[in-house]
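Open the model in your viewer and get ready to select a few things one after another. We will go from stop to stop, with a short look at what is there each time.

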Amino acid sequence: MQVPKRIASGIINALKGGVVPRVGLGYIAVGRTDEINALLHDVSIAEDGGAFFRFIVGKFGSGKSFLLQTMRQHVMDRGFAAADADLSPERKLMGTKGQGLATYRELMRSLSVKAKPDGGALSLILEKWINGVRAEVIESGVSPESTFFDVEVEKRIYSRINNLEDMVHGFDFAAVINAYYRGFRDGNDELQSNAVRWLRGEFSTKTEAKQALPVNVIISDDNWYDYIKLMTAFLVDAGYKGMVVMIDELVNIMKISNSVTRQNNYEKILMMYNDVMQGKAQHLGIIMGGTPQCIEDARRGVFSYEALRSRLERGRFATDETHDMLAPIIRLNPLTYEELTVLTEKLAEIHAGLYGYEPKITLEDRIFFVKAEFERVGASSNVTPREMIRDFIELLNIAYQNPEKTLPELMGAGEFKFSEGEGEDKADGFEDFEL
């Protein structure tokens, strides 16, 4: 497996630090086939003009963020724009100090398309749209040298953005797009910059915005979701299939101490969920990630908001063994022993390529590592892919620097302590790995 060193370094460093790499996920992806297929089916519905809303639920370190980032790459490959944000004390869905707007700003900052996958794609998208309009005018027989060219382009722009004006806040959104075109046409960088700032939600007052642009509103905590829908419609008009928004770390809503603010955030989720599920949004996908506790806790979690609990709670027939991948909530199962062993193989190859040595860790070594991780005290309920990956990369680092030692020696074979009955029970899962 030939992985460019820049990407290999990003993968190893990110995983060692316990975070998900932004690039190169395809080199280390294992498992999650059912979950990805279910989400890609949703994406195909959005491509046809529908919309979807999903929750990805799993323990800390179970792979939620990895799945979200994997989907981010998938949707860009399919011609969608992707925007993602992690909630935090400063970023929520609603707040008294602009925390909802902060989340919108992060989504716009991270806005990515296949041609610009690392975020900051808004200006690229605007220019693509304008160039598309200009190309249409040229195809209609009007030469760029013609004195009527700019007039025809502006007519075509008004015709194209007229559809946006029928949407909530669409008139002001269309005015900003037109202002950006005027700046593009006249070489007015300040006007273009002001239009981009407005679309990113960076104006703090209506007065400031009105002085810079022909608008009477600004994007705020209360209305930012309306502008997500407007941006999605604009993206489709620019030639993209739609937009998928990914919001992780829902646990930060559960942590809000003020019950009114917490409930306001859940009400925002309900509004967005109803809007999508009732067909009021088009070409839009929303995926939110959280832990089982932040979803199911009846006192502070999503299920503390009765209207959401009644919509999202699992029915009578679904179980941990028989999942309903078409339900609003996708619960992540732990990766299997086989999948984790394959993952260690991929990591060992990437590590060897990055540091320029021949991989010496064998299949037997990797199986020994996975078994040892699951057989240590408490692993049955606490071990996660994040912890195992971090341990394995540390082991690879040490093995690289101590080539005279075997992996079992580096791990201190025989020194692992097992909880009563745990080692025997866990070893049963490795029947296919008899050496």
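Start by selecting residues 149-161, which form helix 6, together with residues 170-186, which form helix 7. In this predicted model, the two helices pack at an angle of about 160°, and their axes are 10 Å apart. Angles over 145 degrees count as roughly antiparallel, so helix 6 is roughly antiparallel to helix 7. Their crossing is right-handed.

Now show the side chains where these helices meet. On helix 6, pick Asp150, Val153, Glu154, Ile157, Tyr158 and Ile161. On helix 7, pick Ala174, Ile177, Asn178, Tyr181 and Arg185. Try colouring them by class: how many are nonpolar, polar and charged? This contact has seven nonpolar, one polar and three charged residues.

**Next stop: another pair of helices**

Select residues 99-109 for helix 4 and residues 224-237 for helix 10. What is the angle between them? Helix 4 and helix 10 pack at about 20°, with their axes 10 Å apart. Because angles under 35 degrees count as roughly parallel, helix 4 is described as roughly parallel to helix 10. The crossing of this pair is right-handed.

To see the contact, display Gly100, Leu101, Tyr104, Leu107 and Met108 on helix 4. Then add their partners on helix 10: Trp224, Tyr227, Ile228 and Met231. Colour by class once again, and you will find eight nonpolar residues, one polar residue and no charged ones in the contact of helix 4 with helix 10.

**Last stop: an enclosed space**

Rolling a probe the size of a water molecule over the atoms shows where empty space is left. How many cavities of 30 Å³ or more does the structure hold? There is one, and the largest cavity has a volume of about 40 Å³.

To find the largest cavity, select the residues that line it: Leu340, Leu343, Thr344, Leu347, Phe369, Met388, Ile389 and Phe392. Two elements each give two or more residues to this lining, namely helix 15 (337-355) and helix 18 (385-401). Which helix gives the most? That is helix 15, with four residues. Finish with one more round of colouring: the lining has seven nonpolar residues, one polar residue and no charged residues.

Definitions and conventions: Residues numbered from 1 in each chain as written. Predicted model: local features only at pLDDT ≥ 70, side-chain atom pairs only at ≥ 80, totals over all residues. Heavy atoms only, no water. Axes fitted to C-alpha atoms, helices over the stretch in contact; angles between N-to-C directions. Parallel < 35°, antiparallel > 145°, perpendicular 65-115°, else oblique. Left-handed = near helix turned anticlockwise from the far one by under 90°. Contact = heavy atoms within 4.5 Å. Nonpolar A, V, L, I, M, F, W, Y, C, P; charged D, E, K, R; others polar. 1 Å grid on protein atoms, 1.4 Å probe; cavity = no way out; pocket = protein on both sides within 12 Å on 5 of 7 lines; lining within 4 Å. Points joined across faces, edges and corners; volume = space filled by probe spheres on them.
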